[in-house]
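Hi,

Here is the structure I promised to pass on. Have it open while you read, and my notes on what turned up are underneath.

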Amino acid sequence: MYCLGLMSGTSVDGIDAALVKITGTELDLKINFIAGITHCYPEKLRHQILEVCAEQKLSMTEFAQLDEAIAFSFVEAVNQLKNNNTPIELIGSHGQTVFHRPPEKDELGYSLQLGRGAIIANLTKIPTVNNFRVADMAAGGQGAPLVPKVDAYILSHPNHYRCVQNIGGIGNVTYLPPRQEIDWENKVMGWDTGPGNVLIDLAIQKLTNGQKTYDKNGEWAAKGTPNQSLIKQWLNQEFFQKEPPKSTGRELFSVEFLEKCWQESLAYQLSEEDFLATITDFTAASIADSYGQFIKQPINEVLLCGGGSHNLYLKQRLKQHLPQANILTTDEVGMNADYKEAIAFAVLAYWRFVKGVPGNLPKVTGAKQPMLLGDVHLPL
Ligand SMILES: Nc1ncnc2c1ncn2[C@@H]1O[C@H](COP(=O)(O)OP(=O)(O)OP(=O)(O)O)[C@@H](O)[C@H]1O
Ligand SMILES: CC(=O)N[C@H]1[C@@H]2OC[C@@H](O2)[C@@H](O)[C@@H]1O[C@H](C)C(=O)O
């Protein structure tokens with residue numbers, strides 16, 4: 001079946017759209033990548049989304065307009081890929097996260113993704129599944145990460161211990177024991193590791209007065225030296241000690257978080273490149289530190305994906321923190337690293353709409369049970 005996955009993540013850099021052919025179900029799941037594009041949000045809309053993520057208040061009228069504007073942008077992303085000769089039979093649309101509150105003790109979590117599925121289905125004339133996180137959260141789960149079950153069936157190895165590390169705005173990992181291990185599916189783990197590119201991007205914007213949005217290939221940070229005392233201090237944050245299930249977002253790793261890091265760095269009189277190197281190495285250390293805390297096996301391979309996999313300095317620091325592991329990108333094992341998360345939402349939609357298979361892993365999200373994920377919208 002030809003399915004299109006749509007994802008816009010916590011970097012808010014644009015909508016990733018990936019067209020794939022999917023066959024099989026779980027152990028026999030097969031994905032053929034056909035085409036992918038990134039559709040940038042209009043600058044005004046991107047700015048508005050970032051403000052709302054930073055808790056800017058909206059009237060209900062403004063909220064409705066924002067929800068619709070995001071849906072229309074998602075439709076434009078579909079149209080950009082539609083020119084391809086392949087017929088698109090199903091869309092899985094993650095939407096745009098604007099708020100994420102993980103569950104606390106007896107309180108359910110709440111996560112909000114904008115970009116109405118019904119509009120996407122009607123304007124594209126293609127059945128669309130969206131709103132993937134709510135069912136898991138209603139069952140007591142974090143609603144994230146949801147990609148680990150897809151990773152398990154497309155990236156597990158017969159005899160290697162693997163971590164699949166997505167470095168988007170936020171970072172998240174899927175730990176995959178080898179398939180030959182007894183009961184391997186039940187041993188899959190996953191959680192949000194903390195900042196991905198979010199603090200690096202915020203630091204670049206601060207240092208360039210908004211002229212630049214990211215550190216291309218990590219070139220600027222690579223000129224500096226990370227300050228290990230600051231990194232140790234920042235790793236004391238409660239989120240990093242918390243055992244999985246755990247998820248996070250721009251609510252915690254925010255402009256205020258970056259500003260606190262900046263203020264604390266002043267005592268060390270760091271140069272701009274040293275500050276960037278410190279923020280980048282902190283990101284790498286938070287990933288490696290969480291493996292050390294929660295994974296008992298030595299990891300053979302770390303497979304990177306998401307925009308941060310292009311940050312060569314971040315990759316180099318990760319290698320430094322995980323000397324025993326081979327650090328690769330998912331491209332190197334045949335899975336497109338830029339579009340993997342969008343592809344995963346195509347698979348989640350396919351499991352929901354075609355196969356009637358749950359998409360969450362309760363051990364990962366903390367939900368009481370496996371759930372069918374997503375709302376189905378049929379076109380008029
Ligand atoms: N060449 C590059 N060098 C350094 N960083 C890069 C490069 N290309 C992309 N990035 C980083 O990747 C980010 C976008 O990553 P991605 O598209 O995976 O994020 P996302 O969709 O928001 O992810 P998620 O939903 O997983 O949070 C950019 O904001 C930028 O920081
Ligand atoms: C609430 C939300 O949008 N979470 C995203 C975000 O981006 C990375 C990390 O935080 C992950 O938990 C999740 O996305 C991935 C695709 C997931 O659900 O697996």
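**Starting at proline 103**

Proline 103 counts as partly exposed, because it has 19 C-beta neighbours inside 10 Å, and a residue needs 20 or more to be called buried. Before going further, please keep in mind that this is a predicted model. You'll find proline 103 in the loop between β4 and β5 (110-114). Apart from residues within four places of it in sequence, proline 103 is in contact with Leu108, Gly109, Gly140 and Gln142. Proline 245 sits 142 residues away from proline 103 along the chain, yet their C-alpha atoms are separated by 10.0 Å.

**The strand before that loop**

Is β4 mostly buried or exposed? Of its 12 residues, 10 are buried, so β4 is largely enclosed by the rest of the structure. Its pairings go like this:

- β1 (residues 2-8) runs parallel to β4, with five bridges between them; cysteine 3 is opposite leucine 90 in β4.
- β6 (residues 128-130) also pairs with β4 in the parallel sense, over three bridges, and here serine 93 faces asparagine 130 in β6.
- β5 pairs with β4 in the antiparallel sense over five bridges, with glutamine 96 opposite leucine 114 in β5.

**Two domains and how they meet**

The chain splits into domain 1 (2-143 + 339-377) and domain 2 (148-333). Their C-alpha centres are 23 Å apart. Where they touch, 26 residues of domain 1 are in contact with 27 residues of domain 2. On the domain 1 side, β4 (90-101), α12 (340-355) and α13 (362-365) each supply at least two of the touching residues. The largest share there is from α12, with five residues. By type, that side of domain 1 has 11 nonpolar, 11 polar and four charged residues.

**Around ligand 2**

Which residues come closest to ligand 2? They are Thr97, Ala144, Pro145, Val147 and Ile170, out of 18 residues that surround the ligand. Both domains take part: domain 1 and domain 2 each give at least three residues to this shell. β4 turns up again here, since β4 and β8 (170-176) each supply at least two residues of the shell. The shell is made up of five nonpolar, 11 polar and two charged residues.

**The sheet that includes β8**

β8 belongs to an open sheet of five strands with mixed pairing, in the order β9-β8-β7-β10-β11. β9 (189-195) and β11 (326-329) are at the edges with a single partner strand each, so one side of each has no neighbour in the sheet. On average, and ignoring direction, neighbouring strands of this sheet are turned by 25 degrees against each other. Inside the sheet, β7 (residues 162-167) pairs with β8 in the antiparallel sense over six bridges, and arginine 162 is opposite leucine 176 in β8.

Two helices to look for next to these strands:

- α5 (residues 148-155) lies across β7, β8, β9 and β10 (301-305), at about 50 degrees to β8.
- α10 (residues 272-294) lies across β7, β8 and β9, at about 150 degrees to β9.

If you want one strand to follow through the model, try β4: it supplies residues to the side of domain 1 that touches domain 2 and to the shell around ligand 2.

Cheers

Technical notes. Residues are numbered from 1 along each chain as its sequence is written. Chains are lettered from A and ligands numbered from 1 in the order in which they are written. This is a predicted model: local features need pLDDT of at least 70, side-chain atom pairs count only at pLDDT 80 or more; totals for chains, interfaces and linings use all residues. Domain bounds come from an automatic or database domain assignment. Two residues are in contact if their C-beta atoms, placed from the backbone, lie within 7 Å. Helices (H or I, at least four residues) and strands (E, at least two) are DSSP runs, numbered from the N terminus. Ala, Val, Leu, Ile, Met, Phe, Trp, Tyr, Cys and Pro count as nonpolar, Asp, Glu, Lys and Arg as charged, and the others, Gly among them, as polar. A residue is near a molecule or strand if its C-beta atom, placed from the backbone, lies within 6 Å of it. Two strands pair if DSSP finds at least two bridges between them. Axes are lines fitted to C-alpha atoms, for helices over the stretch in contact, and angles run from 0 to 180 degrees between N-to-C directions.
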